[in-house]
Amino acid sequence: MADRTPAPDTPELRERWGSFEWTKANKAKADYHIAKYPEGRQKSAVMPLLDLAQRQVGEETDTQGWLPLPVIEYVAKYIGVPVIRVLEVATFYFMYNMKPVGKYHVQVCGTTPCMLRGSDDIISACKARGMKKGEVSEDGFWTLTEVECMGNCATAPMVQINDDNYEDLTVERLDAVLDALVKGEQPKAGTQEPGRHTSEPSGGPSTLKEMVDANHDYRGEW
């Protein structure tokens, strides 16, 4: 499991991130999220603002992004709550990275359905590329994390890489996805099983077949 403790609060960290503030575009997005809630309830926007801050850090560092402590402090001040309240949220949810990550954050599901379908082989394939759990690879491309259930049990094994899920993986299919990312390409997200659509049964649907290509009203047949 990933280490959820924040990165050490060092003078170097303060020098790099102590002056963090929203870009013009992100300030508009932050204010948009805050405006969804009644006056005095600005703290309800903490999760989208943390995500926004992480993405801004990612843009500045050419990585998936993470949340240095000064950035968390900035978000807390922006919505007018104690820093600990924002830190509690950031350290609880795995969507937030508490330490630097690579350009691509490879999160491998290791829960029982994925394990039974070969997630150990997927992790081994990641390690064969020089990935180490919780660390940034030497080339700066990868960070490997093993996570709990990602909700794709029907298409196991799977990984999430930044914002996309890749499912029905084999070592060869994972290698193809990673090779494409290295080349700057965007591989097809979702199932990697040829001919499969989302999480339908392998080989195609066995019921409601008329719904595959168009909406079909079955009520007259019931």
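Let's start with a yardstick: a residue is called buried when its relative accessible area is under 20%, exposed when it is over 50%, and partly exposed in between, using a 1.4 Å probe and protein chains only. By that yardstick D9, with a relative accessible area of 44%, is partly exposed.

What you're looking at is a predicted model, where local features need pLDDT of at least 70, side-chain atom pairs count only at pLDDT 80 or more, and totals for chains, interfaces and linings use all residues. Residues are numbered from 1 along each chain as its sequence is written, and side-chain values use heavy atoms, with hydrogens and water left out.

## The overall picture

The protein chain has eight helices and five strands. Helices (H or I, at least four residues) and strands (E, at least two) are DSSP runs, numbered from the N terminus. Read from the N terminus on, the order of elements is α-α-α-α-α-β-α-α-β-β-β-α-β. The C-alpha trace spans about 60 × 50 × 30 Å along its principal axes. Of the 222 residues in the chain, 41% are buried. The accessible surface comes to about 12700 Å², and carbon and sulfur atoms own 52% of that; such areas come from the Shrake-Rupley method with a 1.4 Å probe, and for residues only the protein chains shown count as cover.

Contact here means heavy atoms within 4.5 Å. Among contacts between residues at least 6 apart in sequence, 64% join residues at least 24 apart.

## Two cores

A nonpolar core is a set of buried Ala, Val, Leu, Ile, Met, Phe, Trp, Tyr and Cys residues joined through side-chain atoms within 4.5 Å. The largest one holds 29 residues, and W22, L49, L50, L67 and V86 touch the most other members. Five helices each supply at least two residues of this core: α1 (11–17), α2 (24–34), α3 (46–61), α4 (69–79) and α5 (83–92). Take L49: leaving aside neighbours within four places in sequence, L49 is in contact with W22, A30, H33, I34, V75, Y78 and I79. There's also a second, separate core of 18 residues, which includes V106, I122, I123 and I161.

## The sheet

The five strands make an open sheet, ordered β2-β1-β3-β4-β5, with mixed pairing. Two strands pair if DSSP finds at least two bridges between them. Because β2 (142–147) and β5 (190–191) stand at the edges with a single partner strand each, one side of each is left without a neighbour in the sheet. Strands β3 (residues 159–161) and β4 (residues 164–167) run antiparallel and are joined by three bridges, with I161 standing opposite D164 in β4.

In strand β1 you'll find Q107, which counts as buried at 7% relative accessibility. Not counting residues up to four places away in sequence, Q107 touches F94, T145, V147, M158, V159 and Q160.

## Some backbone oddities

Most residues other than glycine have a negative phi, and most peptide bonds are trans. D62, in the loop between α3 and α4, has a positive phi near 55°. N162 also has a positive phi, near 55°; N162 lies in the loop between β3 and β4 and counts as buried at 16% relative accessibility. The peptide bond from A156 to P157 is cis, with omega near -5°, and P157 sits in the loop between β2 and β3.

## Charged pairs

A salt bridge is a side-chain nitrogen of Lys or Arg within 4 Å of a carboxyl oxygen of Asp or Glu. The structure holds 13 of them, including these:

| Salt bridge | Closest N to O distance |
|---|---|
| R14 and D9 | 2.8 Å |
| R85 and E88 | 3.4 Å |
| K133 and E146 | 2.7 Å |

R85 and E88 are three residues apart in helix α5, so about one helical turn separates them. R85 is partly exposed at 48% relative accessible area, and E88 is partly exposed at 39%. K133 and E146 link distant parts of the chain: K133 is in the loop between α7 (119–128) and β2, while E146 is in strand β2, 13 residues apart. K133 counts as partly exposed at 41% relative accessibility, as does E146 at 23%. Finally, salt bridges that share partners join D9, R14 and E73 into one network.
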